[in-house]
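Open the model in your viewer and keep the selection panel at hand. We will go from stop to stop, and each one tells you what to select next.

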Amino acid sequence: MPLDFSVQPDTIIRIRMAFEGLDEYKEVEEQSLTPAPERKGFTVVEWGGTDLSE
């Protein structure tokens, strides 16, 4: 998903989550996440999610 800015940020951090409601316990595999970049100057943080249970 492209982002447009009138002023270009020095750092962009984007977080996207997918989740679902459960009726019982579910074992999930551990994620391997990369470290977030260091915040320098004008930083944009975008986060959002998708409910997979609908």
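**A stroll along the strands**

Begin with strand S1, which gives the most to the nonpolar surface patch, contributing three residues. Bear in mind as you look around that this is a predicted model.

To bring up the whole patch, select Ile 15, Met 17, Phe 19, Val 45 and Trp 47; together they make a nonpolar surface of about 520 Å². Now colour strand S2, residues 43–51, as well: S1 and S2 each supply at least two residues of this patch.

Stay with the patch for a moment and centre on Met 17, which sits in strand S1. Is Met 17 buried or exposed, or does it fall in between? Its relative accessibility is 40%, so Met 17 counts as partly exposed.

**Next stop: the salt bridges**

How many salt bridges are there to find? The count comes to two.

For one of them, select Arg 14 and Glu 46, and show their side chains: the closest N and O atoms of this salt bridge lie 2.6 Å apart. This pair links distant parts of the chain, with Arg 14 in strand S1 and Glu 46 in strand S2, 32 residues apart. Switch on a surface and check both partners. Arg 14 has 40% relative accessibility and therefore counts as partly exposed; Glu 46, at 29%, is also classed as partly exposed.

Then move to Glu 20 and Lys 26, which form a salt bridge whose closest N and O atoms are 3.1 Å apart. With the surface still on, you will find Glu 20 partly exposed at 39% relative accessibility, and Lys 26 partly exposed at 43%.

**Last stop: Thr 11**

Finally, select Thr 11, which belongs to strand S1, residues 11–19. Is Thr 11 buried or exposed? Its relative accessible area is 7%, so Thr 11 is buried.

To see what surrounds this residue, leave out anything up to four places away in sequence; Thr 11 then touches Pro 37, Glu 38, Arg 39, Lys 40, Phe 42, Thr 43 and Val 44. Among these neighbours, pick Lys 40 and display its backbone. Which atom of Lys 40 does the side chain of Thr 11 reach? It is the backbone nitrogen, at 3.2 Å.

Notes. Residues numbered from 1 in each chain as written. Predicted model: local features only at pLDDT ≥ 70, side-chain atom pairs only at ≥ 80, totals over all residues. Heavy atoms only, no water. Helix = DSSP H or I, 4+ residues; strand = E, 2+ residues; numbered from the N terminus. Buried < 20%, exposed > 50% of the residue type's maximum accessible area, 1.4 Å probe, protein only. Polar contact = N/O pair within 3.5 Å; in protein donor to acceptor, adjacent residues only side chain to side chain. Contact = heavy atoms within 4.5 Å. Patch = residues over 30% accessible without salt bridge, like charges linked within 9 Å, V, L, I, M, F, W, Y side chains within 5 Å. Areas by Shrake-Rupley, 256 points an atom, 1.4 Å probe, with all protein chains shown as cover. Salt bridge = Lys/Arg side-chain N within 4 Å of Asp/Glu carboxyl O.
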